[in-house]
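Here is a friendly set of notes to read with the structure open beside you. Take the points one at a time, and look for each place in the model as you go.

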Amino acid sequence: MSRKNIRKRLSVPKGTTILTAKPFAYVVRSTHRNEKCDHCLQSGKLSRCAACQYVYYCNRSCQRKSWSMHKEECANLKRISPKIIPDMARLMARIIIKLNQGGGEELGYYSDTSYRKFKDLMSHYADIKKDEKKIEHFMCLCGVLQAFFEDVPVPNAAELMGIYGRICMNSFNILDLDMNRIGVGIYLGPSIMDHSCKPNAVAIFEGTTIIIRTIKDLPCLDWSQIRISYIDILKTTRERREELLSSYYFWCNCEKCEEPEPMAEAAACPNKFCTYPCSSDADICENCNTRFPEEFRETFEEVSEFTAHHLQSMKNVVYLDVSQMCLKKQEGVLHPLNVQHVQTLQAAFDSSTSLQHWEEAESYAEKLIDGYLLYYGEIHPLVGILYLMTGKIQLYLKKPKLALEALKKASAVLTITHEEKHTLMQKYLRPLLYQATIEGV
């Protein structure tokens with residue numbers, strides 16, 4: 001029996017690395033270009049490229065490794081300075097450069113014998129041509145690329161749209177240890193994976209290397225059945241489906257989208273001792289028969305609209321006072337596991353952490369975990385990182401026993417989602433566990 005057939009028949013336990021890959025092309029996000037090495041995406045003491053003064057590197061080694069690509073963009077980056085080239089335009093430019101260097105023949109393997117080339121990636125060319133927003137974006141990028149390359153010929157419009165479409169449909173956000181987006185890249189082999197809002201695998205990163213790990217036990221390694229999530233799944237089914245349709249041109253019929261979700265838009269029961277997820281237009285709670293106030297439906301809609309407005313306004317910068325104002329309005333109106341309430345808790349936790357308001361951060365983390373478990377599932381990188389951050393905060397607050405409990409939960413999750421040798425485990429979680437164990441004695 002061939003090795004391929006044996007592998008296909010073997011079961012795959014959760015916590016298995018099924019694929020690792022280097023990027024075909026990638027860029028550091030422009031918002032991080034001053035603080036991340038343009039080659040390895042690591043932070044630290046960086047040196048600026050002496051020629052273009054645009055990109056930064058850890059050391060000469062990273063600069064040398066990056067030179068085959070950067071030499072083709074260096075003079076152009078210098079010429080357009082002080083303008084910042086949009087991330088999508090720079091990624092398109094790098095792909096054009098790579099294809100001109102023969103990169104079209106690069107093979108991205110996802111099994112011993114199966115691979116993809118850049119041309120094999122879906123572009124949804126026909127769908128994009130009918131998408132007014134994407135066409136407008138594409139035309140703007142074409143203008144940027146014409147100015148960027150100046151006298152160097154660029155591919156024709158059809159070829160450029162093919163490149164643009166392949167990026168839109170197949171790019172991965174490159175994430176740091178805290179799951180923050182620090183770059184974007186094209187990975188040939190991993191592009192084979194389809195989407196599910198209830199995935200059986202996750203993508204994590206070690207620098208620019210993508211690592212695909214199973215988070216559920218699988219009967220065999222069948223790539224047609226491997227599912228990751230293309231989007232953040234902390235949304236209602238309607239929101240997820242709309243985002244996937246507008247971004248990827250498909251209507252999601254995954255298990256999660258086909259199931260009812262009573263919590264996602266639930267109202268709080270007027271009886272504060274009842275935790276039943278009520279419908280916002282109900283007259284009485286089905287669980288305890290408590291009657292809703294006459295104006296409740298109107299109040300619920302006002303609070304939902306108010307929350308939606310402020311969550312949208314905080315997409316790039318989160319404010320603690322705004323988050324707290326939303327949470328105050330939600331009291332007794334939105335169910336504690338309503339998606340908007342969980343999203344607001346997330347915003348409050350992020351902002352209190354960045355402000356180093358540790359007592360508040362701990363409180364929000366403890367309230368947030370139930371929502372994370374409901375929407376992300378028990379095994380997910382974000383769940384593990386929330387436990388880790390909670391434990392770290394509790395150590396700072398001199399609560400080693402609570403910290404140890406949180407960090408053990410983090411370890412149980414992250415051992416599955418991350419490799420044991422991953423930087424997150426070795427340099428962060430293990431030392432914190434050791435500290436909590438020593439201080440808790």
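The numbered points below start with confidence, then visit helices, single residues, rings and unusual backbone angles.

1. **Confidence first.** Please keep in mind that this is a predicted model. The protein chain has an average pLDDT of 94, and 98% of the residues score at least 70. Residues 1–8 are another matter, since their pLDDT is below 50. Beyond near neighbours in sequence, that stretch makes nine contacts in the model.

2. **Helix H6.** Find residues 157–170, which form helix H6. From the first C-alpha to the last, its 14 residues reach 20 Å, close to the 20 Å expected at 1.5 Å a residue. At the start of H6, look at asparagine 156: one of its side-chain oxygens comes to within 3.2 Å of the backbone nitrogen of alanine 158.

3. **What surrounds H6.** This helix is mostly covered, with eleven of its 14 residues buried. The buried residues include Leu160, Ile163, Tyr164 and Ile167. Which elements do the buried residues of H6 pack against? They pack against H3, helix H4 (125–129), helix H5 (132–149), E7, E8 and helix H7 (237–248).

4. **Methionine 169, a residue to click on.** Methionine 169 belongs to helix H6. Its relative accessibility is 10%, below the 20% cut-off, so methionine 169 counts as buried. Leaving aside residues up to four places away in sequence, methionine 169 touches Met122, Ser123, His124, Lys134, Ser247, Tyr248 and Tyr249. Take serine 247 from that list: methionine 169 and serine 247 are 78 residues apart in sequence, yet their C-alpha atoms are 7.7 Å apart in space.

5. **Helix H3.** Now move to helix H3 (87–100). H3 has 14 residues and spans 20 Å from first C-alpha to last, close to the 20 Å expected at 1.5 Å a residue. Eleven of the 14 residues are buried, so H3 is mostly covered. Among the buried ones are Met88, Leu91, Ile95 and Ile96, and also the charged-side-chain names Arg90, Arg94 and Lys98. The buried residues of H3 pack against strand E2 (25–28), H2, H5, H6 and E8. After H3 comes glycine 102, with a positive phi near 95°.

6. **Histidine 70.** Is histidine 70 buried or exposed? Its relative accessibility is 1%, under the 20% cut-off, so histidine 70 counts as buried. Histidine 70 sits in helix H2. Not counting residues up to four places away in sequence, histidine 70 touches Cys49, Cys52, Val55, Tyr57 and Leu77.

7. **Aromatic rings.** How many aromatic pairs does the structure hold? There are 13. In one of them, tyrosine 110 and tryptophan 223 meet edge-to-face, with 6.1 Å from centre to centre and 75° between the planes. This pair links distant parts of the chain, as its members are 113 residues apart. Tyrosine 110 is in the loop between strand E5 (108–109) and strand E6 (115–116), while tryptophan 223 is in the loop between strand E11 (209–214) and strand E12 (227–228). Tyrosine 110 is buried, with a relative accessible area of 17%, and tryptophan 223 is buried at 10%. Elsewhere, ring pairs join Phe172, Tyr187 and Phe205 into a cluster.

8. **Charges over rings.** Arginine 33 lies over the face of tyrosine 54, at 4.3 Å from the ring centre. Lysine 98 lies over the face of phenylalanine 24, at 4.6 Å from the ring centre. You have met lysine 98 already, as one of the buried residues of H3.

9. **Backbone angles worth a look.** Most residues other than glycine have a negative phi, and most peptide bonds are trans. Methionine 179 has a positive phi of about 70° although it is not a glycine. Methionine 179 lies in the loop between strand E7 (172–175) and strand E8 (181–186), and is buried at a relative accessible area of 19%. Lysine 398 also has a positive phi, near 65°. Lysine 398 is in the loop between helix H13 (381–396) and helix H14 (400–417), and is exposed, with a relative accessible area of 67%.

10. **A cis peptide bond.** Which two residues does the cis peptide bond join? The bond is between serine 81 and proline 82, with omega about 10°. Look for proline 82 in the loop between helix H2 (60–80) and helix H3 (87–100).

Methods: Residues numbered from 1 in each chain as written. Predicted model: local features only at pLDDT ≥ 70, side-chain atom pairs only at ≥ 80, totals over all residues. Heavy atoms only, no water. Helix = DSSP H or I, 4+ residues; strand = E, 2+ residues; numbered from the N terminus. Buried < 20%, exposed > 50% of the residue type's maximum accessible area, 1.4 Å probe, protein only. Expected span 1.5 Å × (residues − 1). Contact = heavy atoms within 4.5 Å. Polar contact = N/O pair within 3.5 Å; in protein donor to acceptor, adjacent residues only side chain to side chain. pLDDT = per-residue confidence, 0-100. Phe/Tyr/Trp six-rings, centres within 6.5 Å; stacked < 30°, edge-to-face > 60°. Lys NZ or Arg CZ within 6 Å of the ring centre and 35° of its normal.
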